[in-house]
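Me: I should like to learn how to read a few features of a protein model. May we take them one at a time?

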Amino acid sequence: MARKALKLASWTSMALAASGIYFYSNKYLDPNDFGAVRVGRAVATTAVISYDYLTSLKSVPYGSEEYLQLRSKVHLRSARRLCELCCANRGTFIKVGQHLGALDYLLPEEYTSTLKVLHSQAPQSSMQEIRQVIREDLGKEIHDLFQSFDDTPLGTASLAQVHKAVLHDGRTVAVKVQHPKVRAQSSKDILLMEVLVLAVKQLFPEFEFMWLVDEAKKNLPLELDFLNEGRNAEKVSQMLRHFDFLKVPRIHWDLSTERVLLMEFVDGGQVNDRDYMERNKIDVNEDLEIRNNAANYLPQISHLLNHVPRQMLLILKTNDLLRGIEAALGTRASASSFLNMSRCCIRALAEHKKKNTCSFFRRTQISFSEAFNLWQINLHELILRVKGLKLADRVLALICWLFPAPL
C-alpha cells in the first residue's frame with residue numbers, strides 16, 4: 001500500500017514538474033488567459049467591492065459630511081480594485097473600463113479619474129504572437145509580405161496594436177493586428193460581466209448598468225471585425241472629404257482580414273492634441289467650461305438609459321466621445337460639437353417626418369419647426385460665445401456700477 005502511494009506521489013510530482021516546464025517554456029500560455037483564473041478574479045473583485053460598500057457606509061448617517069467623505073474613499077478604493085481587475089484580465093475588460101472612464105457625466109469622479117489610465121495601459125502582444133496572427137490570416141510570413149516591419153508598435157489598444165511597415169514595392173503602411181486571444185475570450189467575458197452586473201443589482205437595486213453590457217454585447221463583435229472597420233473608414237473618408245486638414249488612410253483590401261487591417265501610413269496628430277492643432281493652425285476655441293457633476297443622479301440616469309432606444313444611445317455615446325475631445329482641446333465652453341450634433345439630429349428628424357407624410361401643409365409645418373429649432377440652437381451658441389468673452393464681463397460690471405442693486 002505504501003509502495004503504491006509512493007509511486008502515485010512520484011508520478012504526480014513528475015506530471016506537475018512537466019506541466020510547470022511546459023507552461024514556463026510556452027510563451028503563448030499565460031495563467032491570466034485561463035477561464036477559471038479570469039472568472040475567479042472577477043468574482044472576487046466584485047465581492048470585495050460590494051462588501052466594502054455594504055459595510056463601510058452602514059453606520060454613517062446618509063447625506064452627512066462624514067458620509068460624503070467616507071463614500072469618496074470607498075469610491076476611490078473600489079475604482080482602484082476595478083482598474084486592477086481590468087489590467088489583469090485585459091482585452092474586453094480594458095475596453096469596458098476605458099468606456100467607464102469616459103463617463104464623466106455619469107460616474108463619480110473617483111471612478112473616471114482612476115479608470116482613465118487604462119487608455120495608456122493597454123496590453124502589448126509579443127512579436128511572436130503578431131507573426132502568428134499574420135501567418136494564420138494572410139498565409140505568409142512577415143518577411144514574405146513586407147520589406148521591413150517595425151517590432152515596436154506605434155500604438156497599443158485594448159483589442160489590437162499598430163505597427164509601421166514597408167511593402168516590397170516601397171509603400172509605407174500601418175498594420176493593425178488584433179491581439180490573438182481577444183476574440184476567443186470576448187464572448188465569455190461579456191457573459192461574465194452580465195452575470196456580475198445582475199448579481200450586484202440584487203444587492204444594490206439602484207445599480208442599473210445592464211445597458212452598458214447590452215451595448216458591449218452588441219458592438220464588440222463589430223469592433224473585432226477589422227473588415228467592418230475598413231468599410232467604415234471609407235464611408236467616413238467620403239463623408240468628410242471637404243475637410244482639408246483631415247486625412248483618412250486608404251485601406252489595402254488585398255492584405256486585410258477580420259484580424260489584420262493594412263492601411264496607408266499617414267503622418268499626423270491626435271484629434272485631442274492641442275499643441276499639434278495650434279502648430280498646424282487648426283482653429284480651436286480657447287474657452288473653458290465648468291464640468292457639471294451628475295453623479296448624484298446616477299440611479300435616475302441609469303434607470304433612464306435602460307429605456308432609451310438604441311438610436312438615442314448612439315447619440316449619447318457620440319456626445320461622450322466629443323466631450324472627451326473638447327475637454328482635451330479646452331473648447332468645452334462653446335459646446336460646439338454638441339450643438340452641431342443637435343443640429344444634425346433636428347435635420348435628420350425633420351427629414352424623416354417629411355418622408356412619412358404626403359400633406360403639403362404638414363411638410364411646411366415641419367420645415368418651419370425645423371427652422372425655429374435651428375434658430376434656437378444658433379441663439380444659444382451666440383449666448384455661450386458672448387459669455388466667454390472678457391468684454392461681456394466688463395459690460396456686466398459697468399451695468400452693475402451704473403445701476404447698483406438697492407440695499
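Me: Which residues form a nonpolar patch on the surface?

Reply: Patches are made of residues with over 30% relative accessible area and no salt bridge (a side-chain nitrogen of Lys or Arg within 4 Å of a carboxyl oxygen of Asp or Glu). Nonpolar side chains (Val, Leu, Ile, Met, Phe, Trp, Tyr) are joined within 5 Å, like charges within 9 Å. Here Phe372, Trp375, Leu379, Leu382 and Ile383 form such a patch, with about 510 Å² of accessible area together (Shrake-Rupley method, 1.4 Å probe, only the protein chains shown counting as cover). The model is predicted: local features need pLDDT of at least 70, side-chain atom pairs count only at pLDDT 80 or more, and totals for chains, interfaces and linings use all residues. Residues are numbered from 1 along each chain as its sequence is written, and side-chain values use heavy atoms, with hydrogens and water left out.

Me: Is Leu379 buried, partly exposed or exposed?

Reply: Buried means under 20% relative accessible area, exposed over 50%, and partly exposed in between (1.4 Å probe, protein chains only). Leu379 has 36% and is therefore partly exposed.

Me: How many aromatic pairs are there?

Reply: Rings of Phe, Tyr and Trp (its six-membered ring) pair if their centres lie within 6.5 Å; planes under 30 degrees apart count as stacked, over 60 as edge-to-face and the rest as tilted. The count is four. The ring centres of Phe146 and Phe149 are 5.4 Å apart with planes at 50°, so this pair is tilted. Phe146 is buried at 3% relative accessibility, and Phe149 is buried at 12%.
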